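Hi everyone, thanks for coming. Could you pull up the sequence and the 3D view on your screens, so we can walk through this together?

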Amino acid sequence: MNLVELGYLAGWRITRTVPRPLAAAVFRLGADRAYRQGGPGVKRLANNLRQVVGPDLPQAEFDQLVRRGLRSYARYWLELFRLPSLSHAQRLATFELVGTEMLAADVAAGRGAVIALPHGGNWDAAGAWVAAMGWPITTVAERLKPEAIYTRFLEFRQGLGMEIIPLTGGQQPPFDVLAERVRQGHVVPLLADRDLTRRGIEVRFFGARTRMPAGPALLALSTGAPLYVASMWYEPDKALAELIGPLKLPDPDSGTLTERVRALTQDIADHLAAGIAQHPEDWHMLQRMWLADGDRAPSDPVTPAAPGPA
């Protein structure tokens, strides 16, 4: 067991055993220390948030935004580590979905739903809430290294009631499995604001070029399932999300499948941006987001590849 795995294991075990106020204070201090040190992840978060809020926000206000962003990210990890120890009632009480009635109707009708998520608020709490509602939920997870970390996250999310499909190395292509689950009436949430494959769709996002995974759009177009975009954020006492949609799917006569996926992915990007702009401090994007001038998105037709990891 290496130091990284030991760190995650300690987080899951120790964080659950201490009172939440004490754990929260420790995580908040860690976030403030990271802010003062200004490492690569902090600088990347600052660059991303500056793209979101624009150049006119005064530097002092922007610095406070970055600090709040790091505290929000620390809160995500605190709540992630403590999530398995919550009771069924607590999992329902500590997350709220605006638009619950739409998702409930989709599940009751057996048509399933595809939800495009940002890296915002607490997406694991959202998945645990869906499972606690008694609704079938399936999503994708990136294979982390070392493999032992991926295995622990897999067991963690499965323990919350989620079915997890590996992004790579599974017995079937992840898209095929997800399409089957949607047709079986499952809720399928997919993180959709950052592409990991370099095969994603180029979109405009906060005025600049980036890539986003084709999976949410392609899955909805292939199955006819309703497609939502979620805005996700924190309030003092709970994590929240709001469903936007269902989005209007492009008519089959409006273009090729590739053209329709591109148009729908841009629509997803626009709705994600609107939600992030309302709660920028809760967007946990500490990785490179936007394309440099020399980067080019591939021009190959869209294929049923990886739908985007959760």
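I'll go through a helix, some empty spaces, a few strands and then the salt bridges. One thing to keep in mind is that we're looking at a predicted model.

Let's start with helix α7, which covers residues 123–132. How many of its 10 residues are buried? The count is 10 of 10, so take a moment to find that helix in your viewer. Among those buried residues are W123, D124, W129 and V130. Now look at the start of α7: a side-chain oxygen of N122 comes to within 3.1 Å of the backbone nitrogen of D124. After the helix you'll meet G134, and its phi is positive, near 85°.

Okay, now for the empty spaces. Rolling a probe the size of a water molecule over the atoms shows where empty space is left. Here we get 4 cavities of 30 Å³ or more. The largest cavity holds about 140 Å³ of space. It has 16 lining residues, and closest to its centre are F95, I115, L117, A126 and V130. Which element gives the most to that lining? That's our helix α7 again, with 5 residues. Strands chip in too: β1, β2, β5, β8 and β9 each supply at least two residues. As for what kind of residues these are, the lining has 15 nonpolar, 1 polar and no charged.

Now let's turn to the second largest pocket, with a volume of about 290 Å³. There are 14 residues lining this pocket, and R28, R68, R71, S72 and R75 lie nearest its centre. Helices α2 and α4 each supply at least two lining residues, and the largest share, 6 residues, comes from α4. Sorted by class, this lining has 6 nonpolar, 1 polar and 7 charged residues.

On to the strands. Follow β6, residues 201–205, and watch the side chains alternate. I201, V203 and F205 point to one face and are buried, while E202 and R204 point to the other face and are not. Strand β6 runs antiparallel to β7, with 5 bridges joining the two. One of the pairings to look for is F205 with its bridge partner A208. The hairpin has 2 residues between the strands, and F206 takes a positive phi there, near 55°.

Then there's β3, where T138 and V140 point one way, T139 and A141 point the other way, and all are buried. Strand β3 pairs with β4 in the parallel sense, over 4 bridges. For T138, the bridge partner in β4 is E163.

Last topic: salt bridges. Side chains of opposite charge can pair when their charged atoms come close. This structure holds 9 salt bridges. In one of them, E79 meets R75, with the closest N and O atoms 2.8 Å apart. Where do these two sit relative to each other? They are 4 residues apart in helix α4, so about one helical turn separates them. Both E79 and R75 are buried. Add R20 and you have a network of salt bridges linking R20, R75 and E79.

Another one joins D106 and R111, at 2.7 Å from N to O. Here D106 is buried, with a relative accessible area of 3%, whereas R111 is partly exposed at 41%. And R181 meets E180 at 3.8 Å, with R181 buried at 16% and E180 partly exposed at 35%.

Notes:
Residues are numbered from 1 along each chain as its sequence is written. This is a predicted model: local features need pLDDT of at least 70, side-chain atom pairs count only at pLDDT 80 or more; totals for chains, interfaces and linings use all residues. Side-chain values use heavy atoms; hydrogens and water are left out. Buried means under 20% relative accessible area, exposed over 50%, partly exposed in between (1.4 Å probe, protein chains only). Two strands pair if DSSP finds at least two bridges between them. A polar contact is a pair of N or O atoms within 3.5 Å; within protein, one must be able to donate a hydrogen and the other to accept it, and residues adjacent in sequence count only if both atoms are side-chain atoms. On a 1 Å grid over the protein atoms alone, a cavity is a set of points where a 1.4 Å probe fits but cannot get out, and a pocket is an open set with protein on both sides within 12 Å along at least five of seven lines; lining residues have an atom within 4 Å of a point. Grid points are joined across faces, edges and corners, and a volume is the space filled by probe spheres set on the points. Ala, Val, Leu, Ile, Met, Phe, Trp, Tyr, Cys and Pro count as nonpolar, Asp, Glu, Lys and Arg as charged, and the others, Gly among them, as polar. A salt bridge is a side-chain nitrogen of Lys or Arg within 4 Å of a carboxyl oxygen of Asp or Glu.
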